[in-house]
Amino acid sequence: MTSTALAILGAVCCVGMLRPADAVSAVASPSRAVANLDSSSNCPALEPDLSSFELLVRLTDPCRYDRFARPEHDGDPLPINTRMFVYYLGSVEAHTLRFSAHIMLRYRWTDPRLAFSETSPALTKVIGETMIRDRIWVPHVYLVNEHESRVMGAGKEDVIVTIKPSGTVLFSTRIKVTMLCIMDLQKFPFDQQSCPMVFESWMYNTTEMQLHWEKDNPVILDPGLRLTEYSLSSHWANESEATYQYTPDMTVDEMGLDKFGGNYSRLNVQFLLKREVGHYIMDYYVPSILLVVVSWVSFWLDPNAVPGRTTLGTSTMLTFITLTRNSGSPLPKVSYIKATEIWFMVCTAFIFGSLVEFAFVNTIWRRKNNVELKKVNTKYVLKSTLTPTLHRKQTMMERCRSCPDMVEEGRKPSDGNLFSQTNTLSVGSLESMRDPFSSTYTLNSTLAAGSVPGLSSDCHDIVVPIPAQCAAGKAGKGSKGYKANNMAQCEQGLSAPGHAAHGFTTMTPQEIAQWIDRRSRVVFPLSFVVFNVLYWGFVWI
């Protein structure tokens, strides 16, 4: 006898034991009758007096429940309602662009296969931990911007599953996550960062499952939540969809089977974090302001105090460079300029400017010649110091006036026809004998020395140019009085080389150096105040 015949005979023998409707279906379909017998014999019965654990075991028995199958929702996408409780936010690392959080997530959905209101009306709920989670279907939701995460728990994972009589499932878990947060550091350390937390369905697209926030209090913060470097200004939550485009090389069979294509539901949380600037004000900004102010002390020192002003300037610069290096160490390397870099660059420019100012005034201090100025203001002082006029004729005449022959007899040569022979004059004979038609005076050292032996080696021949006003007199036509008056003016100009012309002021190099220092005492602080007004207005807006 074949196996099929035995099955039919067994089914017929059992007709009397079944209900009429079952007997008819068994005769009509022997194989279905065998399946029903197997199902009824293997599946444990749902009895009213079962405990919550026994009820759960029988509800999730493989003969009744497939934990890999998504619950049905009248042909619509299964809604997953979510709520998040934030225990802790911290460890916002600007260098690695990450932040960490301790949160508890609770998902809520309805699974009709787990309803027990009719079979066990006395039970109000079934609650358990990982054992229930491993026996039922749970949604797979992942963090899009996750760096790493783990379910927290001491000894075992912190998971709670609650099943209500209607089949509503509440799945709660506590996790620690480290997420990526792309930061904008242009206004660092006066910046605000918006760090997201994005949840997305992994397996089911929007046609099968959709994520939603709970209508009331979707995101709850711990009242005792405190951050070290930041303060939580605000937070908000919204819903969106992520679209993954199909690639041209994908076949029809590949489409929709994985994350390479389709729309997936998303839940977004944004945390607006404002950086606390007290640490940076006290450790970086206040010391840098003091260093800049200390560099201005050199303006009150003597321009010739080289050791003191040099030591003050270089030590201030080196200290400030060390402070600058420490401030930028915890930050990532970005392509734009940060607010701290602008601050330190300008402060460096002020300190370096005080060093340059010292070098400038010290150079002027060491000059020998006086400077004639039309007006004592910044324009003419800087113009005279940057392009100084060297009065060589006054210097050479002062040197030759020191020769002893200027007070000796015989300053004139014995021959009266001086100009036809040598066309030279001694210093002593300059005022008594000169050629009114010549544009220069040539002073010969031998004539100036006279009979004093060895003196000719101390004085040298020089050629003194006659000013244009005097030279013009030789070509003029008029009375002798005009020429005498003209030459008298030239004599006055030659005999008093340090005398300033009408409307001009003579300043010594030392006076100019001190004048620049006095102006620097005002210009540097005033410029720094203007920069501070612009800088703090920019970072606080």
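**Cysteine exercises**

Cys-195 is buried, at 0% relative accessible area. The model behind these exercises is predicted.

**Exercise 1.** Find which residue pairs with Cys-195 in a disulfide, and give the handedness of the bond.

*Solution.*
- Step 1. Look for a partner sulfur within 2.5 Å.
- Step 2. The sulfur of Cys-181 lies 2.2 Å from that of Cys-195, so the two form a disulfide.
- Step 3. The torsion about this S-S bond is about -80°, which makes the disulfide left-handed.
- Step 4. Place the two ends. Cys-181 sits in the loop between strand E7 (168-180) and strand E8 (192-201), while Cys-195 belongs to strand E8. The pair therefore ties together parts 14 residues apart in sequence.
- Step 5. Check burial. Cys-181 has 0% relative accessibility and counts as buried.

**Exercise 2.** How many disulfides does a search of the whole structure find? Describe the one that involves Cys-43.

*Solution.*
- Step 1. The search returns two disulfides.
- Step 2. Cys-43 is joined to Cys-63, with an S to S distance of 2.0 Å.
- Step 3. This pair links distant parts of the chain, 20 residues apart. Cys-43 is in the loop between helix H3 (30-42) and helix H4 (52-59). Cys-63 is in the loop between H4 and strand E1 (78-93).

**Exercise 3.** Classify Cys-43, Cys-63 and Cys-347 as buried, partly exposed or exposed.

*Solution.*
- Step 1. The cut-offs are under 20% for buried and over 50% for exposed.
- Step 2. Cys-43 has 13% relative accessible area, so Cys-43 is buried.
- Step 3. Cys-63 has 35% relative accessibility, so Cys-63 is partly exposed.
- Step 4. Cys-347 has 0% relative accessible area, so Cys-347 is buried.

How values were computed:
Residues are numbered from 1 along each chain as its sequence is written. This is a predicted model: local features need pLDDT of at least 70, side-chain atom pairs count only at pLDDT 80 or more; totals for chains, interfaces and linings use all residues. Side-chain values use heavy atoms; hydrogens and water are left out. Helices (H or I, at least four residues) and strands (E, at least two) are DSSP runs, numbered from the N terminus. Buried means under 20% relative accessible area, exposed over 50%, partly exposed in between (1.4 Å probe, protein chains only).
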